[in-house]
Amino acid sequence: MAFLARLGAPVRGFLEFLGDQAHLVLRTLRDALFLRFGQLAVVGAQTKLQIRFTGLDAGALVAGTALLLGAVTLIQAFSQLSGLGAENYIGALMVLIILRELGPLLTAVLVIGRSSTAIAAELGTMQLNGEVDALAAHGVNPYQYLLLPRWLGVLVSVFALVVFFDAAALSGGFLVARLKYGVTFGFFMDSVRQTLSNRDFAATLLKIVFFSGAITFHACHFGLRIRRSQTEIPQAVTKTVVSALVAVFLIDGLVAALFYF
């Protein structure tokens, strides 16, 4: 029996985690529907703060990473396809490698590294200081005031950063294509447009929605579970990063299988 109990403990823990995630998402959505007009300004102000930290402050990091990635991708492609008319595959390479996969995925990884850790640490500190209970005691709904603005802020930020990432990566790729083969901007963009399809836009939007949810609610789950001391905060941050990364890669694989398999 003890062996079976040890064997079942991880499964039970995983199911409890899934149940808590479902509870956080459904409760936040339900309470969002009951927002009063006077509360919109408060939620909007909190959402703007989250967008500023997650989106605006990460813009330079995302742009630099994407610019280098786009340039390196085409440098590697040209080195392998030299003599085979590599310039004819520029659009397909950029769409297949950058826009479909690496753009949303790397953006999510950067947001996990910067923002999900901050959300988990912030909520954990608030939990330890009794601020979450104090909000509830004063009639402030924590789902409306804490979780909803962070979810909306991360959603808007991830969407903007993915667009920014793709644009910067295309710029880096065009720079290499221009210097290597003298490709014109019109030829480069036509090549990308011919490969890009509405299915790519739909898959990317679906990834953004699910990535944002996973990033936010994993951080909220581990942050709000802190109960005893500040030594739990680093543990919660580490668990947030690991579980959010697993979730993001799993979602990416499922969406890819759904749209392209």
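Visitor: Why is T216 called buried or exposed in this structure, and what is its relative accessible area?

Guide: In this predicted model, T216 has a relative accessible area of 0%; buried means under 20%, so T216 is called buried. The residue sits in helix 8, which runs over residues 198-224.

Visitor: What does T216 touch, leaving out residues up to four places away in sequence?

Guide: T216 touches L147, R150, W151 and V154, and a contact of this kind requires heavy atoms within 4.5 Å.

Visitor: Why does T240 count as buried or exposed?

Guide: The relative accessibility of T240 is 0%, and the limit for buried is under 20%, so T240 counts as buried. T240 is found in helix 9, and beyond its neighbours within four places in sequence it is in contact with S116, A120, H218, A219 and F222. As for distances, the C-alpha atoms of T240 and C220 are 8.7 Å apart in space, with these positions 20 residues apart in sequence.

Visitor: D31 carries a charged side chain by class; why does D31 count as buried or exposed?

Guide: The class of the side chain does not enter into the reasoning here: D31 has 4% relative accessibility, buried means under 20%, and D31 therefore counts as buried. D31 lies in helix 1, and it touches N141, Y143 and Q144 when residues up to four places away in sequence are not counted.

Visitor: What makes E122 buried, exposed or partly exposed?

Guide: E122 has a relative accessible area of 36%; since buried means under 20% and exposed over 50%, with partly exposed in between, E122 is called partly exposed. E122 lies in helix 4, and its C-alpha atom is 9.6 Å from that of A219, although the two residues are 97 apart in sequence.

Visitor: And why does F185 count as buried or exposed?

Guide: F185 has 53% relative accessibility, and exposed means over 50%, so F185 counts as exposed. This residue is found in helix 7, and its C-alpha atom is separated by 22 Å from that of V162, which is 23 residues away along the chain.

Visitor: How much of the protein chain counts as buried?

Guide: Of its 261 residues, 43% count as buried.

Visitor: What are the elements of the protein chain, from the N terminus on?

Guide: The elements run α-α-α-α-α-α-α-α-α, with 9 helices and 0 strands in the chain. The C-alpha trace spans about 70 × 55 × 30 Å along its principal axes. Among contacts between residues at least 6 apart in sequence, 86% join residues at least 24 apart.

Visitor: Which residues have the most contacts inside the largest nonpolar core?

Guide: They are L74, I90, M94, L147 and F188, in a core of 64 residues. The elements that give two or more residues to this core include helix 1, helix 3, helix 4 and helix 6, and helix 6 gives the most, with 15 residues. F188 itself touches L74, I90 and M94, as well as L170, G173, F174, A177 and V183, not counting residues up to four places away in sequence.

Visitor: How many of the residues that line the largest pocket are nonpolar, polar or charged?

Guide: By class, the lining has 16 nonpolar, 4 polar and no charged residues. The pocket has a volume of about 450 Å³, and of the 20 residues that line it, the closest to its centre are L18, Q21, A214, H218 and A247. Helix 1, helix 8 and helix 9 are the elements that give two or more residues to the lining, with the largest share, 7 residues, coming from helix 8.

Visitor: Which residues does the UniProt annotation "transmembrane region" cover?

Guide: In the UniProt record, an unreviewed entry, this annotation covers residues 58-78, 90-112, 151-181, 201-224 and 236-260. In the model, residues 58-78 are 95% helix and 0% strand, with their end C-alpha atoms 30 Å apart, while residues 151-181 are 100% helix and 0% strand, with end C-alpha atoms 44 Å apart.

Technical notes: Residues are numbered from 1 along each chain as its sequence is written. This is a predicted model: local features need pLDDT of at least 70, side-chain atom pairs count only at pLDDT 80 or more; totals for chains, interfaces and linings use all residues. Side-chain values use heavy atoms; hydrogens and water are left out. Helices (H or I, at least four residues) and strands (E, at least two) are DSSP runs, numbered from the N terminus. Buried means under 20% relative accessible area, exposed over 50%, partly exposed in between (1.4 Å probe, protein chains only). UniProt positions are given in the numbering used here, feature names are shortened, and annotations may be inferred rather than shown by experiment. A nonpolar core is a set of buried Ala, Val, Leu, Ile, Met, Phe, Trp, Tyr and Cys residues joined through side-chain atoms within 4.5 Å. On a 1 Å grid over the protein atoms alone, a cavity is a set of points where a 1.4 Å probe fits but cannot get out, and a pocket is an open set with protein on both sides within 12 Å along at least five of seven lines; lining residues have an atom within 4 Å of a point. Grid points are joined across faces, edges and corners, and a volume is the space filled by probe spheres set on the points. Ala, Val, Leu, Ile, Met, Phe, Trp, Tyr, Cys and Pro count as nonpolar, Asp, Glu, Lys and Arg as charged, and the others, Gly among them, as polar.
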